[in-house]
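Work through the exercises below with the model open. Try each task before reading its solution.

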Amino acid sequence: MKQLSQFFTPEIAHAHCDIPCGIYDPIVAQIAALSVVRMVDQITALPVSNDAQYFNTLSRYIAVKESEAVKCKEEIRVIWGDFIKPAHVEKYPNIHTLVHTIMGLGGAAKQHVSREKAMALLDAVNEFAAIFWEIKGVATKKAKA
């Protein structure tokens, strides 16, 4: 270690977050919300049948839909709890309501097979992501998926 310390001098790091701010990115929540929409589409397109394969496929789609909704909520909750500060709330006074809406829509996405609710979740997560990147000073663009 003494030999290594001749070449590498450790620096003191100061952080205001649990982890470096550069690691936060709402893309995981956005992909999870898109996955919820996709699973709803898959469920509603699945031809109804009485065989085991149908029930197997249906249960797998439902499991993925629900786990992605939970993932979406968790990612937003972490960014909101760790990254959003009082100055951000002052500039974006609807941020708490938006996060609460996302939590509710994530729950609704688990409870229902509704493309309308899934799209509302995606829209709310995209709105949160736009605010996040605006706070970070990063220009964004909308893309169809």
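Three exercises on helices and buried residues follow.

This is a predicted model: local features need pLDDT of at least 70, side-chain atom pairs count only at pLDDT 80 or more, and totals for chains, interfaces and linings use all residues. Residues are numbered from 1 along each chain as its sequence is written, and side-chain values use heavy atoms, with hydrogens and water left out.

**Exercise 1.** Compare the expected and actual span of helix 2 (residues 27–45).

Step 1. The expected span is 1.5 Å times one less than the number of residues. For the 19 residues of helix 2 that gives 27 Å.
Step 2. The end C-alpha atoms are 27 Å apart, so the two values agree.
Step 3. Buried residues (under 20% relative accessible area, 1.4 Å probe, protein chains only) of helix 2 include A29, V36, V40 and I43.
Step 4. The buried residues of helix 2 pack against helix 3, helix 5 and helix 6 (115–136).

**Exercise 2.** Find what surrounds K65.

Step 1. Locate K65 in helix 3 (residues 52–82).
Step 2. K65 is buried but has no salt bridge (Lys or Arg side-chain nitrogen within 4 Å of an Asp or Glu carboxyl oxygen). The nearest side chain of opposite charge, E66, is 4.6 Å away.
Step 3. A polar atom of the K65 side chain lies 3.2 Å from the backbone oxygen of K110.
Step 4. Beyond four places in sequence, K65 contacts (heavy atoms within 4.5 Å) residues including V36, M39, V40 and I43.

**Exercise 3.** Is L105 buried or exposed?

Step 1. Place L105 in helix 5 (residues 95–111).
Step 2. Its relative accessible area is 16%, so L105 is buried.
Step 3. Beyond four places in sequence, L105 contacts K117, A120, L121 and A124.

Terms used
Helix = DSSP H or I, 4+ residues; strand = E, 2+ residues; numbered from the N terminus. Buried < 20%, exposed > 50% of the residue type's maximum accessible area, 1.4 Å probe, protein only. Lys, Arg positive; Asp, Glu negative; His and termini not counted. Polar contact = N/O pair within 3.5 Å; in protein donor to acceptor, adjacent residues only side chain to side chain.
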